[in-house]
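Visitor: I have a structure to go through and would like to talk it over. Can you put it up first?

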Amino acid sequence: MQRVNSYSDIQVMQGADLVHTITFDSEFDVDDYTWSSKVAQDRKATSFTYDGSPVTQVVLTIEKVSDQSLNVKLTGVQTAKFSDDFEGVWDLVSKSDSGSLKVRQIEGDVLIS
């Protein structure tokens, strides 16, 4: 599991790059999992406006930093597409390559202002 709390808020300026690093315990190897991460309005998949269109989620890019660390990322172009003072939630989900169980490893609030 991870070394930091399983709840982490993210705040980013609209139009700025977002890079949020998640570090796991030394016995946890990120290569053993498939990863997904998203920003949403809420946990109920409520529609919100992104780049002028209604969506229920925006997918974050996941980048391996080391065997125990991942970056979740959005570019400045992507963060600029959120409405002013967007408030929502985000999460990082893993699925073991040897199984089908999905685990929410970390979650939190996100504010783009």
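**Strands, core and salt bridges**

Guide: A place to begin is K73, which is partly exposed, with a relative accessible area of 26%. Keep in mind that this is a predicted model.

Visitor: Which salt bridge does K73 form?

Guide: K73 pairs with E63, and the closest N and O atoms are 3.4 Å apart. The pair links distant parts of the chain, with K73 in strand β8 and E63 in strand β7, ten residues apart.

Visitor: And E63, what is its relative accessibility?

Guide: E63 is at 32%, so E63 counts as partly exposed.

Visitor: How covered is strand β8?

Guide: Strand β8, residues 69-74, is mostly covered: five of its six residues are buried.

Visitor: Which strands does β8 pair with?

Guide: One is strand β7, residues 61-66, which pairs with β8 in the antiparallel sense over five bridges. Another is strand β2, residues 18-23, which is joined to β8 by six bridges and also runs antiparallel to β8.

Visitor: What connects β7 to β8?

Guide: A hairpin, through two residues.

Visitor: Give me some register. What stands opposite V72?

Guide: On the β2 pairing, H20 stands opposite V72. I62 has V72 as its bridge partner in β8.

Visitor: Back to charges. How many salt bridges are there?

Guide: The count comes to six. One of them joins D31 to K64, with the closest N and O atoms 2.6 Å apart. D31 lies in the loop between β2 and β3 and K64 in strand β7, so the pair links distant parts of the chain, 33 residues apart.

Visitor: Are those two buried or exposed?

Guide: Neither word fits. D31 is partly exposed, with a relative accessible area of 42%, and K64 is partly exposed at 39% relative accessibility.

Visitor: What else does K64 form a salt bridge with?

Guide: D67, where the closest N and O atoms are 3.0 Å apart. D67 is partly exposed, at a relative accessible area of 36%. D31, K64 and D67 are thus linked in a network of salt bridges.

Visitor: Different topic: the fold. How many helices and strands?

Guide: The chain has one helix and ten strands. Along the sequence the pattern reads β-β-β-β-β-β-β-β-α-β-β.

Visitor: And how compact is the chain?

Guide: The radius of gyration is 14 Å, close to the 13 Å that the globule rule gives for 113 residues, so the chain is as compact as a globular protein of that length. The C-alpha trace spans about 40 × 25 × 20 Å along its principal axes.

Visitor: What about the sheets? Any strand order you can give me?

Guide: There is an open sheet of five strands in the order β1-β10-β9-β3-β6, with mixed pairing. β1 and β6 stand at the edges, each with a single partner strand, so one side of each is left without a neighbour in the sheet.

Visitor: How many bridges join β3 to β9?

Guide: Eight, and the two strands run antiparallel. As an example of the register, T34 has K95 as its bridge partner in β9.

Visitor: Now the inside. Which residues touch the most other members of the largest nonpolar core?

Guide: F24, F82, W90 and L92, in a core of 23 residues. Strands β1, β2, β3, β4, β8, β9 and β10 each supply at least two residues of this core.

Visitor: Take L92. What is it in contact with, leaving aside neighbours within four places in sequence?

Guide: The contacts of L92 include I22, F24, W35, I62, L70 and V72. Also among them are S36, S37, V103, R104, Q105 and I106. V72 is the residue that came up earlier as the bridge partner of I62.

Visitor: What share of the residues counts as buried?

Guide: Of the 113 residues of the chain, 35%. The chain exposes about 6400 Å², and carbon and sulfur atoms supply 47% of that area.

Visitor: Last one: how many of the contacts join residues at least 24 apart?

Guide: 63%, among contacts between residues at least 6 apart in sequence.

How values were computed. Residues are numbered from 1 along each chain as its sequence is written. This is a predicted model: local features need pLDDT of at least 70, side-chain atom pairs count only at pLDDT 80 or more; totals for chains, interfaces and linings use all residues. Side-chain values use heavy atoms; hydrogens and water are left out. Buried means under 20% relative accessible area, exposed over 50%, partly exposed in between (1.4 Å probe, protein chains only). Helices (H or I, at least four residues) and strands (E, at least two) are DSSP runs, numbered from the N terminus. Two strands pair if DSSP finds at least two bridges between them. A nonpolar core is a set of buried Ala, Val, Leu, Ile, Met, Phe, Trp, Tyr and Cys residues joined through side-chain atoms within 4.5 Å. Contact means heavy atoms within 4.5 Å. A salt bridge is a side-chain nitrogen of Lys or Arg within 4 Å of a carboxyl oxygen of Asp or Glu. The radius of gyration is taken over C-alpha atoms; the globule rule is 2.2 Å times the number of residues to the power 0.38. Accessible areas come from the Shrake-Rupley method with a 1.4 Å probe; for residues, only the protein chains shown count as cover.
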